[in-house]
Amino acid sequence: MVALRRNRLSGYGGVESRRCDDGKGARAITTTVPGKGTATPAQADLLCAFANTLDVDVDAETKDALPDAAALTDWLRQGDLLDVDDQAGRRDLDLALTLRSGLREAMLRHSEGDHTSRVPDLDATATALPLRIVFDGTRPRLVPAVGGARGGLARLLVAVAEAQADETWVRMKLCLAGDCQLAFFDMSKNRSRHWCSMGVCGNRQKTLSYRARQRAKRP
Ligand SMILES: [Zn+2]
């Protein structure tokens, strides 16, 4: 677990990136270069990387890779989501944190099998990050209707819409191990995974559950 956490990175794009777990344990943490050996869809890589800018660790200090607007600027630029001439401001950061909260909440619901409840934080940010449809190619596509940092954040909503269209949105989940809560992409056939890694969090949670049951049986 410790080794896993030390490798957590929060970039996206043509840089080192902590990508979604593809279900093959140790291969979960890799360097992702779009188009080269990426097992998960690009939308999942992007959305999970964004969700994982918050590194929850109940045993140590929770780390937030987006503590201020400058960090958000860097993150968006690394993912080619923001021009070098643009930068994020305080309001953009507030929007980003609300969006991240909403995405993590939605991913948690997916892990719990809840696909119907509303996620107010996602609704709130969607209002502030408008999209529009363009017909400049062979098929209509969604693009941000605003520029700058808000446009970069709106690209995350485009990724959500595309993931919904190809039915991968519900496969983006949050690990149910309380001291992990890592966003991951569930590639299992029946979309049944609850943990980012069966070999780490899954086994640990099963051991904890077993011990709890044994304790409950004692007179
Ligand atoms: Zn986990």
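Glutamate 167 follows helix α6 and has a positive phi, near 65°. This is a predicted model. The helix before glutamate 167, α6, covers residues 148-165, and α6 gives the most to the largest nonpolar core, with eight residues. The points below cover this helix, the core, two other residues with positive phi, and one loop arginine.

**Helix α6**
- The helix has 18 residues and spans 26 Å from its first C-alpha to its last.
- That span is close to the 26 Å expected at 1.5 Å a residue.
- Buried positions in α6 include Ala149, Arg150, Gly152, Leu153, Ala154 and Arg155.
- Leu156, Leu157, Ala159, Val160 and Ala163 of α6 are buried as well.

**The largest nonpolar core**
- This core holds 43 residues, and those that touch the most other members are Leu47, Cys48, Leu153, Leu156, Met172, Cys175 and Ala183.
- Two or more core residues come from each of α2 (42-51), α3, α4, α6, β5, β6 and α7.
- Among these elements, α6 is the main contributor, with eight residues.
- Leucine 47 is in contact with Leu156, Ala159 and Val160, and also with Leu103 and Met172, when neighbours within four places in sequence are left aside.
- Of those partners, Leu156, Ala159 and Val160 are buried residues of α6.

**Positive phi in loops**
- Aspartate 80 is not a glycine, yet its phi is positive, about 55°.
- Aspartate 80 sits in the loop that runs between α3 (69-78) and α4 (90-112).
- Aspartate 80 has 14 other C-beta atoms within 10 Å, so it counts as partly exposed.
- Glutamine 181, also a residue other than glycine, has a positive phi near 55°.
- Its loop is the one between β5 (172-174) and β6 (183-185).
- Glutamine 181 counts as buried because it has 23 C-beta neighbours inside 10 Å, and the cut-off for buried is 20 or more.

**Arginine 193**
- Arginine 193 belongs to the loop between β6 and α7 (198-217).
- Arginine 193 is buried, because 21 other C-beta atoms lie within 10 Å.
- Serine 111 is 82 residues away from arginine 193 along the chain, but their C-alpha atoms are separated by 7.3 Å.

Terms used: Residues numbered from 1 in each chain as written. Predicted model: local features only at pLDDT ≥ 70, side-chain atom pairs only at ≥ 80, totals over all residues. Helix = DSSP H or I, 4+ residues; strand = E, 2+ residues; numbered from the N terminus. Expected span 1.5 Å × (residues − 1). Buried ≥ 20, exposed ≤ 12 C-beta atoms within 10 Å, placed from the backbone. Core = buried A, V, L, I, M, F, W, Y, C linked by C-beta atoms within 7 Å. Contact = placed C-beta atoms within 7 Å.
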